[in-house]
Amino acid sequence: MALLRVQDMTHHFGGLRAVHDFDLEIEKGDLRGLIGPNGAGKSTIFNLITGMYTPTEGTISFKGVSLLGRRPYEIAALGIGRTFQNLRLWRHMTVLDHVRLAHYSKIDYGLLDAFFGTARWQRGEKQIEDLAYELLEMMGVQRFAHEVVTNLPYGVQRKVELARAMAVEPELLLLDEPTAGMNPEEMVEMMGVIRQIHDEFELAIYLIEHRMKVVMDLCEYIQTLNFGEVIAEGTPEEIRDNPVVIEAYLGEEDEG
Amino acid sequence: MAPIMKTIRNNSFLQGVGGRLRQAPLLGWLLGALLAVVLELLVGDPVARTLGMDRAPALFGFRVMLKSPVLIPSALVYVVLFYALPTMLVAGFTAGWMNKAAGGLLGVSTLVSLLVHLGLLYATLHLWGTLNDYRVLVLRLAFISVIATLSLNVVNGYLGEFSCSHPGFMALGAYVASIITVLLFVQDDVFGSPLLPPVIGPFAFPIALIAGGLAASVGALAVAIPSFRTRGDYLAIISLAFTFIVKSLIENLEVIGGPRGFMNQPQWAPLPVVFVAMVICVAIIASFVRSTLGKATCAVRDDETAAGHLTINTRRTKMVAFLFAAFWAGVSGGLFAHVLGYVNPGTFGLLKLTEVLAMVYLGGLNSVVGSIVGAVGIKLLQEILRPLEILKWVVLPVIIIVFMMVRPTGLIAFTEFDVKQILRPHNSQERRGG
């Protein structure tokens with residue numbers, strides 16, 4: 001059984017057809033890419049999977065459970081972590097708090113424990129904090145643990161966001177342009193981190209990227225999206241030489 | 001200011017004093033304040049008379065200064081003689097001892113250290129109040145404001161919504177708690193003879209307060225259900241409407257006095273009761289906002305979408321925080337009613353709202369210490385400026401406006417409340433260790 005199965009997913013924003021008849025199957029440990037020109041509907045697909053929108057038509061299931069009608073926090077708790085294209089960090093909070101908060105669904109103490117600071121609360125918080133430090137160490141950002149995120153360099157912020165997504169303890173990780181805005185050095189480092197978490201946790205990763213180098217190097221299988229429809233899919237080699245893909249991208253450049 | 005600072009920096013004696021004072025831990029300052037208050041209690045009145053005042057000035061001489069400017073020097077001398085000088089001397093000279101004591105206390109346990117500090121603080125306030133009943137009233141009202149301010153900070157600061165319903169919650173708490181105590185324990189014209197023996201009344205008072213808080217929470221549900229589906233200005237509008245609905249509801253309920261108000265509440269909220277209630281409130285709210293459950297409110301505030309995608313149940317988080325805040329607003333209302341022994345619906349209108357909002361924003365959003373400082377500060381200012389009569393409502397807003405221009409984020413915004421940090425000894429060794 002596939003980890004994530006999306007069938008015939010279609011979504012309209014009013015009269016605009018953002019995604020049309022989209023199919024996807026991701027198995028445990030897959031590393032897949034989704035490319036396409038701006039406005040092709042890539043982020044919409046992520047938002048549909050994570051429950052921000054409900055698809056107009058089609059089905060989505062994760063580990064055999066239908067995700068339709070579930071709220072984002074439930075879907076995330078099932079084991080789908082994600083990052084955002086334009087870094088949605090909590091601007092007043094520290095790096096450590098970011099990662100701690102993503103353990104929210106696993107909190108085993110109640111409100112009363114939090115009010116009165118019981119032993120159970122202390123134990124729970126300690127556990128969450130230890131897990132958070134572990135993740136920060138893995139991403140190499142533990143020395144920023146007590147910094148407020150807005151004071152940090154962009155590359156570090158990206159890693160914090162990734163650490164936060166990993167704190168959900170996902171089986172599937174959706175990365176929306178993980179190297180956007182990075183310099184080449186940071187990009188190579190980020191690619192290393194993605195590969196590392198993929199290998200270490202047997203994680204399925206589905207990523208949107210604009211940089212061909214990143215997708216071609218990382219992904220085993222790539223889909224190309226244009227105007228909400230998959231126009232080509234295959235291995236990196238097949239995509240690289242596909243005339244339809246080249247046209248979609250060149251067309252975009254003409255317009256720009 | 002600059003030349004004075006320079007003189008201070010160059011003067012080795014003052015430098016030494018400054019250094020010593022910086023090394024004094026909170027414990028030393030509290031001890032100094034306690035001794036200062038004892039000194040005032042012993043010789044405050046006679047000295048004040050020698051200085052030309054009727055008696056020891058009630059609130060640090062400000063009222064005396066405003067009433068008769070001739071006495072400004074006397075009042076200043078009094079403040080320096082009885083408050084500044086003794087406190088600083090004791091704090092400075094005992095710094096070494098007190099650091100050892102503070103370290104020792106923290107070594108035993110944070111709770112023991114906290115209780116010792118609170119005990120010293122209460123003793124100081126109690127003795128300070130012995131000289132003048134007016135001081136006790138101001139303290140009680142200030143502590144009640146702390147509860148109301150802190151609870152509003154949970155919504156406006158931590159949750160990042162703009163709520164105007166706090167006067168409504170306070171009114172609900174005040175009336176429900178009052179009805180319970182008067183109905184059960186007091187001989188009253190409307191409610192008749194007490195249903196329970198009045199002897200057990202003071203022990204049942206906490207239950208009445210909690211009932212008032214819960215009533216406010218139920219009221220909060222009525223605001224939260226329609227307005228928490230989305231974010232933005234809806235809550236501000238609906239909550240403002242709520243305040244007016246509660247107010248006119250009470251005005252139209254003749255059985256509880258309507259616009260004339262409701263009286264006969266037993267005086268069950270003396271200084272120790274209000275103090276303990278405030279300490280419990282601060283402890284619980286501080287504990288909540290430090291927990292991961294509580295911090296989820298900040299995540300919802302900073303980016304609700306991201307919070308939802310990281311397993312945070314955003315709707316529940318908002319509900320819990322709002323009802324929790326309303327509960328404490330209700331408790332503060334109940335205390336308020338039993339301090340004054342009288343409430344009327346007019347108290348819980350726009351003026352109250354403005355007062356609490358000013359306390360929250362002046363003290364600083366998202367900060368427990370900020371709310372305490374803001375509430376006590378504005379309450380004291382209000383009382384200090386009372387001799388100006390109607391002009392008070394010009395001077396006070398101007399002070400707040402100027403202050404907010406200088407510090408737009410408020411005094412102490414976005415800080416975590418760390419008890420250990422506040423109680424720690426101040427010698428350099430300890431700082432490195434901790």
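This is a short tutorial dialogue on reading a predicted model.

Me: Let's start with the whole of chain B. How many helices and strands are there in chain B?

Reply: Chain B has 20 helices and two strands. Keep in mind that we are reading a predicted model.

Me: How do I judge the overall form of chain B, and what does its radius of gyration agree with?

Reply: The radius of gyration can be set beside the value expected for a compact globule. For 434 residues that value would be near 22 Å, and chain B has 23 Å, which agrees. You can also picture a box along the principal axes: the C-alpha atoms of chain B fill roughly 65 × 55 × 45 Å.

Me: What share of the residues of chain B count as buried?

Reply: Of the 434 residues, 44% count as buried. Contacts add another view of the chain. Among contacts in chain B with a separation of 6 or more, 78% are accounted for by residues 24 or more positions apart.

Me: Now helices. How do I describe two that pack together?

Reply: Two packed helices are described by the angle between their axes and the distance between the axes. Try H8(B), residues 133-158, with H15(B), residues 314-340: their axes come within 9 Å and cross at roughly 165°. Angles over 145 degrees count as roughly antiparallel, so H8(B) is roughly antiparallel to H15(B). The crossing of H8(B) past H15(B) is left-handed.

Me: Which residues of H8(B) and H15(B) meet?

Reply: On the H8(B) side they include Leu141(B), Ile144(B), Ala148(B) and Val155(B), and on the H15(B) side Phe322(B), Ala325(B), Trp328(B) and Leu335(B) are among them. By class, the residues of this contact divide into 19 nonpolar, two polar and one charged.

Me: At what angle do H8(B) and H12(B) pack?

Reply: H8(B) and H12(B), residues 271-290, pack at about 15°, and their axes are 9 Å apart. Angles under 35 degrees count as roughly parallel, so that is the word for H8(B) and H12(B). Here too H8(B) makes a left-handed crossing, this time past H12(B). The contact includes Val136(B), Phe143(B) and Val146(B) from H8(B), with Val274(B), Met278(B) and Ile285(B) among the residues from H12(B). Sorted by class, the contact of H8(B) with H12(B) has 18 nonpolar, no polar and one charged residues.

Me: Is the crossing of H7(B) past H12(B) left-handed or right-handed?

Reply: H7(B) passes H12(B) in a right-handed crossing. H7(B), residues 110-130, packs with H12(B) at an angle of about 145°, with the axes 11 Å apart. From H7(B), Leu118(B), Tyr122(B), Leu125(B), His126(B) and Gly129(B) take part, meeting Leu271(B), Phe275(B) and Val279(B) of H12(B). This contact has six nonpolar, two polar and no charged residues.

Me: Let's look at single residues. Is Gly173(B) buried or exposed?

Reply: To decide, count the other C-beta atoms within 10 Å: 20 or more make a residue buried. Gly173(B) has 35 such neighbours, so Gly173(B) is buried. You will find Gly173(B) in helix H9(B), residues 166-185. Setting aside residues up to four places away in sequence, Gly173(B) touches several others, including Gly212(B), Ala216(B), Ala329(B) and Gly333(B).

Me: And where is Phe242(B) found?

Reply: Phe242(B) is in helix H11(B), residues 234-251. With 24 C-beta neighbours inside 10 Å, Phe242(B) counts as buried. Beyond its neighbours within four places in sequence, Phe242(B) is in contact with Ser165(B), Gly168(B), Ala222(B) and Val223(B).

Me: Last topic: the two chains together. How many residues of chain A are in contact with chain B?

Reply: From chain A, 32 residues are in contact with 25 residues of chain B. Helices H2 (72-79), H3 (95-101), H4 (111-116) and H5 (119-139) of chain A each supply at least two residues of the side touching chain B. That side of chain A has 19 nonpolar, five polar and eight charged residues.

Me: Which residues of H2(A) are buried?

Reply: They are Pro72(A), Tyr73(A), Ile75(A), Ala76(A) and Ala77(A). These buried residues pack against strand S6 (80-82) of chain A, together with H14 (304-309) and H15 of chain B.

Key:
Residues numbered from 1 in each chain as written. Chains lettered and ligands numbered in written order. Predicted model: local features only at pLDDT ≥ 70, side-chain atom pairs only at ≥ 80, totals over all residues. Axes fitted to C-alpha atoms, helices over the stretch in contact; angles between N-to-C directions. Helix = DSSP H or I, 4+ residues; strand = E, 2+ residues; numbered from the N terminus. Parallel < 35°, antiparallel > 145°, perpendicular 65-115°, else oblique. Left-handed = near helix turned anticlockwise from the far one by under 90°. Contact = placed C-beta atoms within 7 Å. Nonpolar A, V, L, I, M, F, W, Y, C, P; charged D, E, K, R; others polar. Rg over C-alpha atoms; globule rule 2.2 N^0.38 Å. Buried ≥ 20, exposed ≤ 12 C-beta atoms within 10 Å, placed from the backbone.
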